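Me: Please show me the structure. I should then like to put some questions about it.

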2 protein chains.
Amino acid sequence: MSIRYLTAKLAQQIDEELMSSAGAYSLDQLMELAGLACAQALATVYNKDQYSRVLVCCGPGNQGGDGLVAARHLGMFGYKPTIYMPKPGSKDIYKRLQTQCDNMEIRTIPSSDPISVLHDALRSSDVILDAIFGFSFSGPVRAPFAEALSLISSSNLPIVSVDIPSGWDVERGNSGGEGLNPQVLVSLTAPKEGVRSFTGRHFLGGRFVPKTLEEKFKLNLPEYPGISGVVELPSTRG
Amino acid sequence: MSIRYLTAKLAQQIDEELMSSAGAYSLDQLMELAGLACAQALATVYNKDQYSRVLVCCGPGNQGGDGLVAARHLGMFGYKPTIYMPKPGSKDIYKRLQTQCDNMEIRTIPSSDPISVLHDALRSSDVILDAIFGFSFSGPVRAPFAEALSLISSSNLPIVSVDIPSGWDVERGNSGGEGLNPQVLVSLTAPKEGVRSFTGRHFLGGRFVPKTLEEKFKLNLPEYPGISGVVELPSTRG
(Lines give C-alpha, C1' and ligand atoms only; values in the text may rest on other atoms or scores of the structure.)
Protein backbone atom coordinates (compact mmCIF):
# COMPACT_ATOMS: atom_id res chain seq x y z
CA MET A 1 0.00 0.00 0.00
CA SER A 2 1.56 3.29 -1.00
CA ILE A 3 1.20 6.58 0.80
CA ARG A 4 -1.97 8.53 0.20
CA TYR A 5 -1.83 11.88 -1.57
CA LEU A 6 -4.36 14.34 -0.22
CA THR A 7 -6.76 16.65 -1.99
CA ALA A 8 -6.94 20.20 -0.61
CA LYS A 9 -10.29 19.34 0.95
CA LEU A 10 -9.00 16.23 2.69
CA ALA A 11 -5.89 18.03 3.95
CA GLN A 12 -8.18 20.66 5.45
CA GLN A 13 -10.41 18.00 7.00
CA ILE A 14 -7.48 16.17 8.64
CA ASP A 15 -6.09 19.45 9.95
CA GLU A 16 -9.45 20.29 11.49
CA GLU A 17 -9.78 16.83 12.98
CA LEU A 18 -6.34 17.02 14.60
CA MET A 19 -7.39 20.25 16.29
CA SER A 20 -10.96 19.19 17.12
CA SER A 21 -11.93 18.11 20.62
CA ALA A 22 -11.41 14.52 19.41
CA GLY A 23 -7.89 15.18 18.11
CA ALA A 24 -7.17 17.53 21.02
CA TYR A 25 -4.05 19.15 19.52
CA SER A 26 -3.53 22.88 19.81
CA LEU A 27 -2.29 24.91 16.87
CA ASP A 28 0.82 25.73 18.95
CA GLN A 29 1.70 22.05 19.26
CA LEU A 30 1.19 21.16 15.61
CA MET A 31 3.05 24.24 14.40
CA GLU A 32 5.95 23.52 16.72
CA LEU A 33 6.35 19.95 15.48
CA ALA A 34 5.78 20.92 11.84
CA GLY A 35 8.30 23.77 11.95
CA LEU A 36 10.84 21.60 13.76
CA ALA A 37 10.45 18.95 11.06
CA CYS A 38 11.07 21.57 8.34
CA ALA A 39 14.25 22.73 10.08
CA GLN A 40 15.40 19.12 10.50
CA ALA A 41 14.79 18.32 6.83
CA LEU A 42 16.67 21.41 5.68
CA ALA A 43 19.56 20.59 8.01
CA THR A 44 19.65 17.02 6.70
CA VAL A 45 20.27 18.19 3.14
CA TYR A 46 22.08 21.52 3.59
CA ASN A 47 24.82 21.52 6.24
CA LYS A 48 25.34 24.64 8.28
CA ASP A 49 28.98 25.10 7.26
CA GLN A 50 28.24 25.55 3.56
CA TYR A 51 24.66 26.78 3.81
CA SER A 52 24.51 28.80 6.99
CA ARG A 53 22.53 31.72 5.58
CA VAL A 54 18.92 30.61 5.24
CA LEU A 55 16.31 33.00 3.92
CA VAL A 56 13.06 31.89 5.51
CA CYS A 57 10.16 33.22 3.43
CA CYS A 58 6.88 33.24 5.34
CA GLY A 59 3.34 33.78 4.12
CA PRO A 60 0.55 35.28 6.24
CA GLY A 61 -1.18 31.96 7.07
CA ASN A 62 -0.41 28.91 9.16
CA GLN A 63 2.39 27.89 6.84
CA GLY A 64 4.12 31.18 7.58
CA GLY A 65 3.87 30.17 11.26
CA ASP A 66 5.59 26.86 10.45
CA GLY A 67 8.29 28.94 8.77
CA LEU A 68 8.80 31.12 11.85
CA VAL A 69 9.12 28.03 14.05
CA ALA A 70 11.59 26.57 11.57
CA ALA A 71 13.59 29.81 11.59
CA ARG A 72 13.91 29.65 15.38
CA HIS A 73 15.03 26.02 15.35
CA LEU A 74 17.50 26.73 12.52
CA GLY A 75 18.91 29.48 14.73
CA MET A 76 19.19 26.95 17.57
CA PHE A 77 20.95 24.53 15.18
CA GLY A 78 23.59 27.17 14.43
CA TYR A 79 22.35 28.49 11.09
CA LYS A 80 22.02 32.21 10.39
CA PRO A 81 18.42 32.61 9.29
CA THR A 82 16.83 35.80 8.02
CA ILE A 83 13.06 36.10 7.83
CA TYR A 84 11.27 37.59 4.86
CA MET A 85 7.52 38.22 5.21
CA PRO A 86 5.96 40.12 2.32
CA LYS A 87 2.72 40.35 4.36
CA PRO A 88 2.85 39.38 8.05
CA GLY A 89 0.08 37.24 9.53
CA SER A 90 -2.39 38.86 11.88
CA LYS A 91 -3.02 35.96 14.29
CA ASP A 92 -1.69 36.31 17.82
CA ILE A 93 0.39 33.13 17.47
CA TYR A 94 2.17 34.68 14.49
CA LYS A 95 3.26 37.64 16.61
CA ARG A 96 4.44 35.42 19.44
CA LEU A 97 6.50 33.28 17.05
CA GLN A 98 7.95 36.47 15.63
CA THR A 99 8.99 37.66 19.11
CA GLN A 100 10.64 34.28 19.77
CA CYS A 101 12.73 34.80 16.64
CA ASP A 102 13.57 38.37 17.70
CA ASN A 103 14.86 36.93 20.99
CA MET A 104 17.12 34.62 18.97
CA GLU A 105 18.48 37.73 17.27
CA ILE A 106 17.11 36.53 13.95
CA ARG A 107 16.68 39.46 11.58
CA THR A 108 13.31 40.05 9.94
CA ILE A 109 13.16 42.16 6.81
CA PRO A 110 10.42 44.74 7.43
CA SER A 111 7.46 44.13 5.13
CA SER A 112 7.36 47.84 4.41
CA ASP A 113 10.76 47.64 2.71
CA PRO A 114 10.85 47.90 -1.09
CA ILE A 115 11.18 44.68 -3.07
CA SER A 116 14.81 45.55 -3.80
CA VAL A 117 15.56 44.51 -0.22
CA LEU A 118 14.52 40.95 -1.10
CA HIS A 119 16.92 41.14 -4.01
CA ASP A 120 19.76 42.06 -1.64
CA ALA A 121 18.72 39.40 0.88
CA LEU A 122 18.80 36.73 -1.82
CA ARG A 123 22.31 37.76 -2.79
CA SER A 124 23.49 37.14 0.75
CA SER A 125 21.69 33.81 1.25
CA ASP A 126 22.77 30.22 0.64
CA VAL A 127 19.42 28.45 0.68
CA ILE A 128 15.73 29.36 0.87
CA LEU A 129 13.03 27.90 3.06
CA ASP A 130 9.78 28.50 1.21
CA ALA A 131 6.90 28.71 3.69
CA ILE A 132 4.84 31.19 1.71
CA PHE A 133 1.76 29.27 0.55
CA GLY A 134 0.35 26.10 2.08
CA PHE A 135 -2.43 23.65 1.31
CA SER A 136 -5.13 26.31 1.50
CA PHE A 137 -3.59 28.30 -1.35
CA SER A 138 -5.56 28.77 -4.50
CA GLY A 139 -4.22 30.91 -7.27
CA PRO A 140 -3.54 33.13 -8.97
CA VAL A 141 -0.51 34.58 -7.20
CA ARG A 142 -1.12 38.25 -6.45
CA ALA A 143 0.99 41.19 -5.29
CA PRO A 144 3.19 41.39 -3.30
CA PHE A 145 3.80 37.65 -3.73
CA ALA A 146 4.05 37.49 -7.53
CA GLU A 147 7.13 39.67 -7.64
CA ALA A 148 8.67 37.90 -4.64
CA LEU A 149 8.24 34.45 -6.23
CA SER A 150 9.71 35.72 -9.45
CA LEU A 151 12.78 37.16 -7.67
CA ILE A 152 13.24 33.98 -5.61
CA SER A 153 13.06 31.85 -8.77
CA SER A 154 15.59 33.92 -10.62
CA SER A 155 18.06 33.80 -7.70
CA ASN A 156 18.85 30.17 -8.61
CA LEU A 157 19.41 29.41 -4.93
CA PRO A 158 18.43 25.95 -3.69
CA ILE A 159 14.90 25.94 -2.28
CA VAL A 160 13.30 23.81 0.41
CA SER A 161 9.53 24.10 0.10
CA VAL A 162 7.07 23.35 2.85
CA ASP A 163 4.06 21.16 1.96
CA ILE A 164 3.41 22.57 -1.48
CA PRO A 165 5.91 24.66 -3.45
CA SER A 166 4.67 28.23 -3.52
CA GLY A 167 2.74 29.02 -6.66
CA TRP A 168 1.77 25.37 -7.28
CA ASP A 169 -1.84 24.36 -7.23
CA VAL A 170 -2.46 22.02 -4.29
CA GLU A 171 -3.99 19.42 -6.60
CA ARG A 172 -2.80 20.18 -10.12
CA GLY A 173 0.80 21.04 -9.24
CA ASN A 174 2.83 23.52 -11.25
CA SER A 175 0.52 23.38 -14.25
CA GLY A 176 0.44 27.18 -14.49
CA GLY A 177 4.24 27.26 -14.50
CA GLU A 178 4.42 30.24 -12.14
CA GLY A 179 5.52 28.22 -9.12
CA LEU A 180 8.92 27.75 -7.52
CA ASN A 181 11.12 24.78 -8.44
CA PRO A 182 12.44 23.46 -5.13
CA GLN A 183 15.21 20.90 -4.74
CA VAL A 184 13.67 19.64 -1.53
CA LEU A 185 10.07 19.27 -0.40
CA VAL A 186 8.83 18.74 3.15
CA SER A 187 5.28 17.40 3.11
CA LEU A 188 3.45 17.80 6.39
CA THR A 189 1.09 15.10 7.73
CA ALA A 190 0.80 13.52 4.25
CA PRO A 191 1.77 14.68 0.72
CA LYS A 192 -0.71 16.63 -1.38
CA GLU A 193 -2.03 15.59 -4.82
CA GLY A 194 -0.17 18.41 -6.53
CA VAL A 195 3.29 17.07 -5.68
CA ARG A 196 2.91 13.59 -7.22
CA SER A 197 5.23 14.63 -10.02
CA PHE A 198 7.85 16.21 -7.73
CA THR A 199 11.24 14.68 -8.53
CA GLY A 200 13.53 16.23 -5.89
CA ARG A 201 14.29 14.95 -2.41
CA HIS A 202 10.99 14.52 -0.63
CA PHE A 203 10.63 14.36 3.16
CA LEU A 204 7.57 13.75 5.26
CA GLY A 205 7.23 15.55 8.59
CA GLY A 206 4.60 15.88 11.28
CA ARG A 207 5.05 12.88 13.52
CA PHE A 208 1.84 13.66 15.36
CA VAL A 209 -0.77 11.69 13.43
CA PRO A 210 -2.26 9.10 15.78
CA LYS A 211 -2.86 5.55 14.53
CA THR A 212 -6.62 5.98 14.79
CA LEU A 213 -6.59 8.95 12.44
CA GLU A 214 -4.08 7.37 10.07
CA GLU A 215 -6.36 4.38 9.69
CA LYS A 216 -9.54 6.41 9.39
CA PHE A 217 -8.13 8.32 6.43
CA LYS A 218 -6.10 5.37 5.04
CA LEU A 219 -2.96 7.50 4.93
CA ASN A 220 -0.50 4.56 4.78
CA LEU A 221 2.28 6.63 6.25
CA PRO A 222 5.80 5.20 6.13
CA GLU A 223 7.64 4.39 9.33
CA TYR A 224 9.74 7.26 10.68
CA PRO A 225 13.29 6.19 11.58
CA GLY A 226 14.30 6.14 15.26
CA ILE A 227 13.55 9.40 17.03
CA SER A 228 13.57 11.51 13.86
CA GLY A 229 10.85 14.04 13.09
CA VAL A 230 11.19 13.43 9.34
CA VAL A 231 11.31 10.45 7.00
CA GLU A 232 12.56 10.61 3.43
CA LEU A 233 10.15 9.26 0.82
CA PRO A 234 11.36 7.21 -2.13
CA SER A 235 12.27 9.33 -5.11
CA THR A 236 9.83 9.40 -7.99
CA ARG A 237 12.65 10.41 -10.31
CA GLY A 238 13.19 7.04 -11.95
CA MET B 1 32.70 28.49 32.47
CA SER B 2 30.64 25.54 33.64
CA ILE B 3 26.88 25.18 33.39
CA ARG B 4 24.81 26.98 35.99
CA TYR B 5 22.76 24.99 38.48
CA LEU B 6 19.47 26.69 39.33
CA THR B 7 17.79 27.30 42.64
CA ALA B 8 14.06 26.56 42.76
CA LYS B 9 13.37 30.29 42.71
CA LEU B 10 15.54 30.92 39.67
CA ALA B 11 14.04 27.97 37.79
CA GLN B 12 10.61 29.43 38.46
CA GLN B 13 11.73 32.87 37.34
CA ILE B 14 13.17 31.58 34.05
CA ASP B 15 10.02 29.56 33.39
CA GLU B 16 7.89 32.64 33.93
CA GLU B 17 10.12 34.75 31.72
CA LEU B 18 9.95 32.22 28.88
CA MET B 19 6.16 32.47 29.01
CA SER B 20 5.95 36.22 29.62
CA SER B 21 5.08 38.63 26.83
CA ALA B 22 8.84 39.15 26.41
CA GLY B 23 9.59 35.41 26.09
CA ALA B 24 6.40 34.85 24.11
CA TYR B 25 6.32 31.07 24.45
CA SER B 26 3.09 29.28 25.20
CA LEU B 27 2.94 26.46 27.73
CA ASP B 28 1.93 24.15 24.86
CA GLN B 29 5.14 24.90 22.98
CA LEU B 30 7.47 24.47 25.95
CA MET B 31 5.76 21.30 27.10
CA GLU B 32 5.91 19.83 23.61
CA LEU B 33 9.65 20.44 23.29
CA ALA B 34 10.36 19.35 26.88
CA GLY B 35 8.38 16.13 26.57
CA LEU B 36 9.95 15.37 23.20
CA ALA B 37 13.41 15.83 24.74
CA CYS B 38 12.53 13.41 27.55
CA ALA B 39 11.38 10.78 25.05
CA GLN B 40 14.55 11.31 22.98
CA ALA B 41 16.81 10.92 26.03
CA LEU B 42 15.06 7.74 27.14
CA ALA B 43 15.29 6.32 23.61
CA THR B 44 19.01 7.19 23.48
CA VAL B 45 19.74 5.03 26.54
CA TYR B 46 17.03 2.34 26.42
CA ASN B 47 16.41 0.85 22.98
CA LYS B 48 12.88 -0.13 22.07
CA ASP B 49 13.70 -3.77 21.40
CA GLN B 50 14.85 -4.53 24.94
CA TYR B 51 12.94 -1.81 26.78
CA SER B 52 9.70 -1.42 24.88
CA ARG B 53 7.40 -1.30 27.91
CA VAL B 54 7.77 2.14 29.47
CA LEU B 55 5.75 3.04 32.55
CA VAL B 56 5.30 6.81 32.36
CA CYS B 57 4.52 8.11 35.86
CA CYS B 58 2.94 11.57 35.78
CA GLY B 59 2.29 14.01 38.60
CA PRO B 60 -0.55 16.55 38.60
CA GLY B 61 1.59 19.58 37.65
CA ASN B 62 3.41 20.78 34.56
CA GLN B 63 5.95 17.98 34.84
CA GLY B 64 3.10 15.48 34.52
CA GLY B 65 2.26 17.28 31.27
CA ASP B 66 5.84 16.80 30.05
CA GLY B 67 5.37 13.12 30.89
CA LEU B 68 2.19 12.85 28.82
CA VAL B 69 3.91 14.49 25.84
CA ALA B 70 6.83 12.08 26.29
CA ALA B 71 4.44 9.12 26.42
CA ARG B 72 2.90 10.14 23.08
CA HIS B 73 6.29 10.56 21.41
CA LEU B 74 7.49 7.24 22.84
CA GLY B 75 4.39 5.67 21.28
CA MET B 76 5.34 7.36 17.97
CA PHE B 77 8.89 5.97 18.34
CA GLY B 78 7.49 2.43 18.61
CA TYR B 79 7.63 1.91 22.38
CA LYS B 80 4.67 0.53 24.32
CA PRO B 81 4.09 3.14 27.02
CA THR B 82 1.58 2.87 29.85
CA ILE B 83 0.62 5.96 31.83
CA TYR B 84 0.30 5.97 35.59
CA MET B 85 -1.18 9.05 37.24
CA PRO B 86 -1.81 8.76 40.95
CA LYS B 87 -3.63 12.11 40.82
CA PRO B 88 -4.44 13.58 37.40
CA GLY B 89 -3.85 17.26 36.75
CA SER B 90 -6.82 19.56 36.46
CA LYS B 91 -5.56 22.00 33.81
CA ASP B 92 -7.21 21.89 30.40
CA ILE B 93 -3.87 21.18 28.70
CA TYR B 94 -3.47 18.07 30.84
CA LYS B 95 -6.79 16.71 29.57
CA ARG B 96 -5.91 17.46 25.96
CA LEU B 97 -2.53 15.72 26.29
CA GLN B 98 -4.34 12.77 27.85
CA THR B 99 -6.74 12.56 24.89
CA GLN B 100 -3.79 12.67 22.48
CA CYS B 101 -2.36 9.62 24.28
CA ASP B 102 -5.75 7.87 24.18
CA ASN B 103 -5.76 8.39 20.41
CA MET B 104 -2.37 6.66 20.28
CA GLU B 105 -3.99 3.72 22.08
CA ILE B 106 -1.72 4.28 25.06
CA ARG B 107 -3.28 2.77 28.17
CA THR B 108 -3.72 4.91 31.26
CA ILE B 109 -4.13 3.21 34.61
CA PRO B 110 -7.21 4.81 36.21
CA SER B 111 -6.22 6.84 39.25
CA SER B 112 -9.14 5.28 41.13
CA ASP B 113 -7.48 1.85 40.90
CA PRO B 114 -5.95 0.43 44.08
CA ILE B 115 -2.18 0.74 44.48
CA SER B 116 -1.85 -2.97 43.73
CA VAL B 117 -2.43 -2.06 40.09
CA LEU B 118 0.83 -0.09 40.12
CA HIS B 119 2.50 -3.20 41.48
CA ASP B 120 1.21 -5.22 38.54
CA ALA B 121 2.15 -2.48 36.06
CA LEU B 122 5.72 -2.41 37.39
CA ARG B 123 5.99 -6.16 36.90
CA SER B 124 5.15 -5.77 33.25
CA SER B 125 7.42 -2.78 32.54
CA ASP B 126 11.03 -2.54 31.39
CA VAL B 127 11.83 1.05 32.32
CA ILE B 128 10.19 3.93 34.16
CA LEU B 129 9.88 7.53 33.11
CA ASP B 130 9.54 9.52 36.32
CA ALA B 131 7.61 12.74 35.66
CA ILE B 132 5.94 12.93 39.05
CA PHE B 133 7.49 15.94 40.78
CA GLY B 134 9.25 18.86 39.14
CA PHE B 135 11.14 21.94 40.24
CA SER B 136 8.19 23.33 42.17
CA PHE B 137 8.09 20.30 44.48
CA SER B 138 8.72 20.80 48.16
CA GLY B 139 8.42 17.88 50.53
CA PRO B 140 7.44 15.91 52.35
CA VAL B 141 6.01 13.32 49.96
CA ARG B 142 2.37 12.71 50.84
CA ALA B 143 -0.30 10.14 49.87
CA PRO B 144 -0.90 8.81 47.27
CA PHE B 145 2.65 9.56 46.12
CA ALA B 146 4.58 8.18 49.10
CA GLU B 147 3.39 4.64 48.51
CA ALA B 148 3.86 4.97 44.73
CA LEU B 149 7.48 6.13 45.11
CA SER B 150 8.17 3.30 47.51
CA LEU B 151 6.76 0.70 45.12
CA ILE B 152 8.65 2.20 42.16
CA SER B 153 11.91 2.14 44.13
CA SER B 154 11.50 -1.48 45.19
CA SER B 155 10.78 -2.58 41.61
CA ASN B 156 14.49 -2.17 40.81
CA LEU B 157 13.56 -1.15 37.26
CA PRO B 158 15.79 1.42 35.56
CA ILE B 159 14.41 4.93 36.01
CA VAL B 160 14.69 8.01 33.82
CA SER B 161 13.80 11.06 35.90
CA VAL B 162 12.68 14.38 34.51
CA ASP B 163 14.34 17.53 35.89
CA ILE B 164 14.57 16.42 39.52
CA PRO B 165 14.20 12.81 40.67
CA SER B 166 10.86 12.51 42.48
CA GLY B 167 11.23 12.84 46.22
CA TRP B 168 14.47 14.86 45.97
CA ASP B 169 14.57 18.39 47.27
CA VAL B 170 15.11 20.77 44.35
CA GLU B 171 18.11 22.34 46.12
CA ARG B 172 19.31 19.86 48.72
CA GLY B 173 18.91 16.72 46.63
CA ASN B 174 18.11 13.36 48.15
CA SER B 175 19.12 14.42 51.65
CA GLY B 176 15.95 12.96 53.13
CA GLY B 177 16.66 9.64 51.42
CA GLU B 178 13.05 9.12 50.37
CA GLY B 179 13.62 9.94 46.70
CA LEU B 180 14.01 7.71 43.66
CA ASN B 181 17.45 6.63 42.45
CA PRO B 182 17.36 7.07 38.70
CA GLN B 183 19.96 5.77 36.25
CA VAL B 184 19.24 8.66 33.89
CA LEU B 185 18.29 12.28 34.48
CA VAL B 186 16.88 14.72 31.95
CA SER B 187 17.32 18.28 33.18
CA LEU B 188 15.09 20.79 31.43
CA THR B 189 16.32 24.30 30.52
CA ALA B 190 19.23 24.00 33.01
CA PRO B 191 20.03 21.57 35.86
CA LYS B 192 18.81 22.29 39.38
CA GLU B 193 21.01 22.70 42.48
CA GLY B 194 19.73 19.45 43.98
CA VAL B 195 21.21 17.24 41.23
CA ARG B 196 24.84 18.39 41.53
CA SER B 197 25.72 15.06 43.14
CA PHE B 198 23.85 12.94 40.56
CA THR B 199 26.25 10.34 39.17
CA GLY B 200 24.19 8.64 36.45
CA ARG B 201 23.83 9.62 32.80
CA HIS B 202 22.72 13.22 32.68
CA PHE B 203 21.03 14.83 29.68
CA LEU B 204 19.95 18.40 29.14
CA GLY B 205 16.78 19.09 27.14
CA GLY B 206 14.73 22.13 26.24
CA ARG B 207 16.38 23.61 23.19
CA PHE B 208 14.21 26.69 23.40
CA VAL B 209 16.25 29.08 25.55
CA PRO B 210 17.10 32.13 23.43
CA LYS B 211 20.61 33.59 23.58
CA THR B 212 19.35 36.78 25.23
CA LEU B 213 17.84 34.85 28.12
CA GLU B 214 20.82 32.49 28.42
CA GLU B 215 23.11 35.48 28.80
CA LYS B 216 20.84 37.36 31.17
CA PHE B 217 20.84 34.43 33.59
CA LYS B 218 24.44 33.35 32.86
CA LEU B 219 23.33 29.80 32.19
CA ASN B 220 26.44 28.75 30.25
CA LEU B 221 24.54 26.04 28.41
CA PRO B 222 26.58 23.50 26.44
CA GLU B 223 26.18 23.25 22.67
CA TYR B 224 23.53 20.79 21.54
CA PRO B 225 24.79 18.43 18.84
CA GLY B 226 23.36 18.76 15.32
CA ILE B 227 19.57 18.74 15.26
CA SER B 228 19.19 16.88 18.55
CA GLY B 229 16.80 18.02 21.27
CA VAL B 230 19.11 16.73 23.99
CA VAL B 231 22.79 17.00 24.90
CA GLU B 232 24.55 14.67 27.32
CA LEU B 233 26.41 16.43 30.14
CA PRO B 234 29.80 15.21 31.36
CA SER B 235 29.53 12.63 34.10
CA THR B 236 30.28 13.78 37.64
CA ARG B 237 31.05 10.19 38.57
CA GLY B 238 34.81 10.51 38.78
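**Reading the predicted model**

Me: Is E214(A) buried or exposed?
Reply: The relative accessibility of E214(A) is 13%. Buried stands for under 20% relative accessible area, exposed for over 50% and partly exposed for values in between, with a 1.4 Å probe and protein chains only. E214(A) therefore counts as buried.

Me: What kind of model is this?
Reply: Residues are numbered from 1 along each chain as its sequence is written, while chains are lettered from A and ligands numbered from 1 in the order in which they are written. Side-chain values use heavy atoms, hydrogens and water being left out; local features need pLDDT of at least 70, side-chain atom pairs count only at pLDDT 80 or more, totals for chains, interfaces and linings use all residues, and the model is predicted.

Me: Which residue forms a salt bridge with K211(A)?
Reply: A salt bridge requires a side-chain nitrogen of Lys or Arg within 4 Å of a carboxyl oxygen of Asp or Glu. K211(A) is partly exposed at 41% relative accessibility, and its partner lies 3 residues away in helix α7 of chain A, about one turn of the helix. The closest N and O atoms are 3.5 Å apart, and the partner is E214(A).

Me: How many residues apart in sequence are the parts that E17(A) and K216(A) tie together?
Reply: The side chains of E17(A) and K216(A) meet in a salt bridge, at 2.8 Å from N to O. E17(A) belongs to helix α1 (residues 8–19) and K216(A) to helix α7 (residues 211–216), both of chain A; helices (H or I, at least four residues) and strands (E, at least two) are DSSP runs, numbered from the N terminus. E17(A) itself is partly exposed, at 21% relative accessible area. The separation of the two parts in sequence is 199 residues.

Me: With which residue does R96(B) form a salt bridge?
Reply: R96(B) is buried, at 19% relative accessibility. Its partner is exposed, with a relative accessible area of 52%, and the two are 4 residues apart in helix α4 (residues 92–103) of chain B, which means a separation of about one helical turn. With 3.1 Å between the closest N and O atoms, the partner is D92(B).

Me: By what rotation is chain A superposed on chain B?
Reply: The superposition is by least squares on the C-alpha atoms of residues with pLDDT of at least 70 in both copies. The shift along the axis is 0.0 Å, the RMSD is 0.0 Å, and the rotation is 180°. The copies are thus related as by a two-fold rotation axis.

Me: What percentage of the contact residues of chain A recur in chain B?
Reply: Contact means heavy atoms within 4.5 Å, and 34 residues from each of chain A and chain B take part. Both copies use the same surface, and the recurring share is 100%.

Me: How much area is buried between chain A and chain B?
Reply: Buried area is the accessible area (1.4 Å probe) that two parts lose on being put together, summed over both. Carbon and sulfur atoms give 56% of it, and the total is about 2,900 Å².

Me: Which three residues supply more than any other three of the area that chain A buries against chain B?
Reply: There are 0 salt bridges between chain A and chain B. The three residues in question supply 20% of the area that chain A buries against chain B, and they are M76(A), R207(A) and I227(A).

Me: Is Q29(A) buried or exposed?
Reply: Q29(A) sits in helix α2 (residues 27–45) of chain A. Leaving out residues up to four places away in sequence, Q29(A) touches A24(A) and several residues of chain B, including D28(B), R72(B) and R96(B). With a relative accessible area of 1%, Q29(A) is buried.

Me: What is the phi of A24(A)?
Reply: A24(A) lies in the loop between α1 and α2 of chain A and is buried, at 4% relative accessibility. Most residues other than glycine have a negative phi. In A24(A), which is not a glycine, phi is positive, near 70°.

Me: Which residue is joined to P140(B) by a cis peptide bond?
Reply: P140(B) lies in the loop between β4 (127–131) and α6 (145–154) of chain B. Most peptide bonds are trans. Here omega is about 0°, and the residue joined to P140(B) is G139(B).
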